[in-house]
Amino acid sequence: MAVPVKPASLVKKEKRNASIAAKKLSLIQKKKAISLIKRRAIIKRTAQYYKQYEAQDKEEIRLRREAKANGNYYVPAEPKLALVIRLRGVNNIAPKPRKILKLLRLRQINNACFIKLNKASKEMLRIAEPFITYGYPNLKTVRELIYKRGFGKVNGQRIAINENAVIEQALGKYGITCVEDLIHEIYTVGPHFKQANNFLWHFKLSCAKGGLRKINNHFVEGGDFGNREHFINAMVRQIGRAHV
């Protein structure tokens, strides 16, 4: 019995499908190779960042010991980064503090954001002080907030930072391509801090475990509002899961 000859249209279709499959496989392999190169670069940069943080900590310890040995006091550099958390609602707020809270993107109770400390921002914090608490976050606090509660602003939408592509799409032109780059830029208040901080959606925190003490009193008087310096890190530890 003679073997039926394939129609010319079927032969062309098989060739076309084989060509498309080969191109798709080639594209996947290229993407995998590019992804591998990117991952290796990210790992290398992250290691450099941690070496830098470790060197800074060691240098600070050395300077403290040196000052103590000479009978002096070591005065650390003024902090450049603050974490601001809103404590009070909308009732009985004067127009100026209300405007400042809006500029800081603190529209609801327990909203939080990072801010670069300079003369202008310190004056804003002073005016809005009765309605907020703020302090100087350490590296662990910055990492936890971005990894656990971090959302990005992409085309005006709140997008979860669940992959580096989200960050690279928005901040790649500034050399920020992964979460560790973003953490480094925020923590060190780098040259592109403004763009990185604007990309981050304000944090939506839950209430502190055990509640607050007294929001109408300053922190130094046993209350809650105002500057709590490094004690802001302990407050962030009390905060449970974020609202998603």
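In this predicted model, valine 166 counts as buried, with a relative accessibility of 9%, because the limit for a buried residue is a relative accessible area under 20%. The residue belongs to helix H5, which covers residues 164-171. Setting aside residues up to four places away in sequence, valine 166 touches Val154, Ile159, Ala160 and Phe199. Its separation from glycine 226 can be given in two ways: the two residues are 60 residues apart in sequence, and their C-alpha atoms are 34 Å apart in space.

Asparagine 111 offers a second buried position to look at, with a relative accessible area of 2%. This asparagine is found in strand S2. Once neighbours within four places in sequence are left aside, the contacts of asparagine 111 include Val84, Ile85 and Arg86. Arg105 and Leu106 are also among them, as are His202, Phe203 and Lys204.

Aromatic rings come next. How many aromatic pairs does a search of the whole structure find? The search finds four. One of the aromatic pairs is formed by tyrosine 50 and tyrosine 53, whose rings meet edge-to-face, at 5.6 Å centre to centre and with 80° between the planes. The arrangement counts as edge-to-face because planes over 60 degrees apart are given that label. Both tyrosines sit in helix H1 (residues 8-69), and because they are three residues apart there, about one helical turn separates them. Are these two residues buried or exposed, or something in between? Tyrosine 50 is partly exposed, with a relative accessible area of 32%, whereas tyrosine 53 is buried, at 5%.

Phenylalanine 219 and phenylalanine 231 make up another aromatic pair, this one tilted, with 5.9 Å between the ring centres and 40° between the planes. Phenylalanine 219 lies in the loop between strand S6 (203-204) and strand S7 (226-227), while phenylalanine 231 lies in the loop between S7 and helix H8 (232-238), so the pair ties together parts that are 12 residues apart in sequence. Phenylalanine 231 is partly exposed, with a relative accessibility of 45%.

Tyrosine 50 and tyrosine 53 also appear in a wider grouping, as Tyr50, Tyr53 and Tyr187 form one aromatic cluster. A ring can have a charged partner as well: arginine 158 lies over the face of phenylalanine 151, at 3.7 Å from the ring centre.

The pockets complete the picture. The largest pocket holds about 960 Å³ of space. It is lined by 25 residues, and those closest to its centre are Glu60, Ala77, Glu78, Pro79 and Tyr187. Tyr187 is thus a link to the rings described above, being a member of the aromatic cluster with Tyr50 and Tyr53. Which element gives the largest share of the lining of the largest pocket? That share comes from H1, with eight residues. Sorted by class, the lining of the largest pocket has 13 nonpolar, five polar and seven charged residues.

The second largest pocket has a volume of about 440 Å³. Its lining consists of 17 residues, with Ile115, Lys116, Phe193, Asn197 and Asn198 nearest the centre. At least two lining residues of the second largest pocket come from each of strand S2 (111-116), helix H3 (119-127) and helix H7 (193-199). Strand S2 is also the place of asparagine 111. By class, the lining of the second largest pocket divides into nine nonpolar, five polar and three charged residues.

Definitions and conventions
Residues numbered from 1 in each chain as written. Predicted model: local features only at pLDDT ≥ 70, side-chain atom pairs only at ≥ 80, totals over all residues. Heavy atoms only, no water. Phe/Tyr/Trp six-rings, centres within 6.5 Å; stacked < 30°, edge-to-face > 60°. Helix = DSSP H or I, 4+ residues; strand = E, 2+ residues; numbered from the N terminus. Buried < 20%, exposed > 50% of the residue type's maximum accessible area, 1.4 Å probe, protein only. Lys NZ or Arg CZ within 6 Å of the ring centre and 35° of its normal. 1 Å grid on protein atoms, 1.4 Å probe; cavity = no way out; pocket = protein on both sides within 12 Å on 5 of 7 lines; lining within 4 Å. Points joined across faces, edges and corners; volume = space filled by probe spheres on them. Nonpolar A, V, L, I, M, F, W, Y, C, P; charged D, E, K, R; others polar. Contact = heavy atoms within 4.5 Å.
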